[in-house]
Amino acid sequence: MATASRAALTVEVMEMLAGLDPRLWEIVEPPVPPNPIHAPGVPVGFRSAVDGERLNPQPLPPGNGLLASVRGMAVSVADATIAASLAGRKPAEVLREVGDDICPEPPKLPWPKKWPVPVQLREQLITDPNRVSPAVQASAALVFQSYAHRISDRNLSTAFGDLAERLLERALKTAGSAG
C-alpha cells in the first residue's frame, strides 16, 4: 500500500535476497510474537526461520540478540500503533513520538523512551556508537516498512511508511557522517 520510497525499495531488495537466503526473512518479515491481538491458530502470513521454512538445516551461530531486540521493539510499537488506531488515535501522531526517540542526534540512545532498553544495546553503543545507532534505525525501518507494505488501512500504511523513510534517512545520515 505504501509508495515507492527509499524504504519501500529497500524492503523489495531484501525480499529478492531472501529468495536466495531464507534466513533473511527474519529481517524482512519479523515473526509475530504471541499476542492477544493475533488470534492463536490463525495464520498471519509471516515467514520465519524458526518455523521450518529454512532450507539450510545447520543452526546459526550464537549472536548477541541485538537484532532480535530491535525487531521485537519495532513489532511491539507497530502492534501498539494498530491498537491505538483502533481506539481512535491517529497513527501518525503515535509514531511521531517514537520516531523522535529513535532518531536522536548522536550519541543519544536510539530507542523509544517507553520501551525497555536491551543491555546489549547500551554496551554496544558505548563501544561503537557510529555503527550501532544506524544499524538500530535501519533495522527498525525495515520492520516498519514491512508493516506499511502489508497493511491495507491507508492511514496506518502511510504512517508506517513515513516512519520507515525517516528512520532510513537518519541511519544513512548518521552512517555517512561517521565515515
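Which helix does Ser 76 lie in? Ser 76 lies in helix 3. The legends below start with the whole chain and then move to single sites. The model is predicted.

**View 1. The whole chain, an all-helix fold with seven helices and zero strands.** Read from the N terminus, the order of elements is α-α-α-α-α-α-α. The chain has 179 residues, and 40% of them count as buried. Take the contacts between residues at least 6 apart in sequence: 66% of these join residues at least 24 apart. The accessible surface is about 9900 Å². Carbon and sulfur atoms account for 59% of that surface.

**View 2. The largest nonpolar core, with 32 residues.** In soluble globular proteins, nonpolar side chains tend to be buried together. Here, the residues with the most contacts inside the core are Val 70, Met 73, Leu 121, Phe 144, Tyr 147, Phe 160 and Leu 167. Five elements are labelled by their residue ranges: helix 3 (66-86), helix 4 (91-102), helix 5 (119-127), helix 6 (129-150) and helix 7 (154-178). Each of them gives two or more residues to this core.

**View 3. Phe 144 and its contacts.** Phe 144 is one of the residues with the most contacts inside the largest nonpolar core. Residues up to four places away in sequence are left out of this view's contact list. What remains is Ala 74, Val 77, Ala 78, Phe 160, Leu 163, Ala 164 and Leu 167. Phe 160 and Leu 167 also stand among the core residues with the most contacts.

**View 4. Leu 121 in helix 5.** Leu 121 has a relative accessible area of 0%, so it is buried. It too is among the core residues with the most contacts. Leu 121 touches Leu 66, Leu 109, Trp 111, Val 132 and Val 136, leaving aside residues up to four places away in sequence. Leu 121 and Val 132 are 11 residues apart along the sequence. Their C-alpha atoms are 7.9 Å apart in space.

**View 5. Leu 66 in helix 3.** Why does Leu 66 count as buried? Its relative accessible area is 9%, and the cut-off for buried is under 20%. Leu 66 touches Gln 120, Leu 121, Gln 124 and Val 132, with residues up to four places away in sequence not counted. Val 132 thus appears in two views, because it touches Leu 121 as well as Leu 66 within the 4.5 Å contact limit. A separate pair to find is Leu 66 and Ala 135. They are 69 residues apart along the chain, with 9.8 Å between their C-alpha atoms.

**View 6. Pro 104 in the loop between helix 4 and helix 5.** Is Pro 104 buried or exposed? Pro 104 is buried, with a relative accessible area of 13%. It touches Leu 109, Pro 110, Gln 137 and Arg 170, not counting residues up to four places away in sequence. Leu 109 is also a contact of Leu 121. Pro 104 and Arg 170 are 66 residues apart along the chain. Their C-alpha atoms are separated by 8.7 Å.

**View 7. Ser 76 and Trp 115.** Ser 76 lies in helix 3. Its relative accessible area is 32%, so Ser 76 is partly exposed. Ser 76 and Trp 115 are 39 residues apart in sequence. From C-alpha to C-alpha, the two are 9.0 Å apart.

**View 8. The largest cavity, with a volume of about 30 Å³.** Rolling a probe the size of a water molecule over the atoms shows where empty space is left. The structure holds one cavity of 30 Å³ or more. Its lining consists of Ala 7, Thr 10, Val 11, Ala 138, Ala 141, Leu 142, Gln 145 and Leu 168. Which helix gives the most to this lining? Helix 6 does, with four residues. Helix 1 (6-18) and helix 6 each supply at least two residues. By class, the lining has six nonpolar and two polar residues. No charged residues line this cavity.

Key. Residues numbered from 1 in each chain as written. Predicted model: local features only at pLDDT ≥ 70, side-chain atom pairs only at ≥ 80, totals over all residues. Heavy atoms only, no water. Buried < 20%, exposed > 50% of the residue type's maximum accessible area, 1.4 Å probe, protein only. Areas by Shrake-Rupley, 256 points an atom, 1.4 Å probe, with all protein chains shown as cover. Core = buried A, V, L, I, M, F, W, Y, C linked by side-chain atoms within 4.5 Å. 1 Å grid on protein atoms, 1.4 Å probe; cavity = no way out; pocket = protein on both sides within 12 Å on 5 of 7 lines; lining within 4 Å. Points joined across faces, edges and corners; volume = space filled by probe spheres on them. Nonpolar A, V, L, I, M, F, W, Y, C, P; charged D, E, K, R; others polar.
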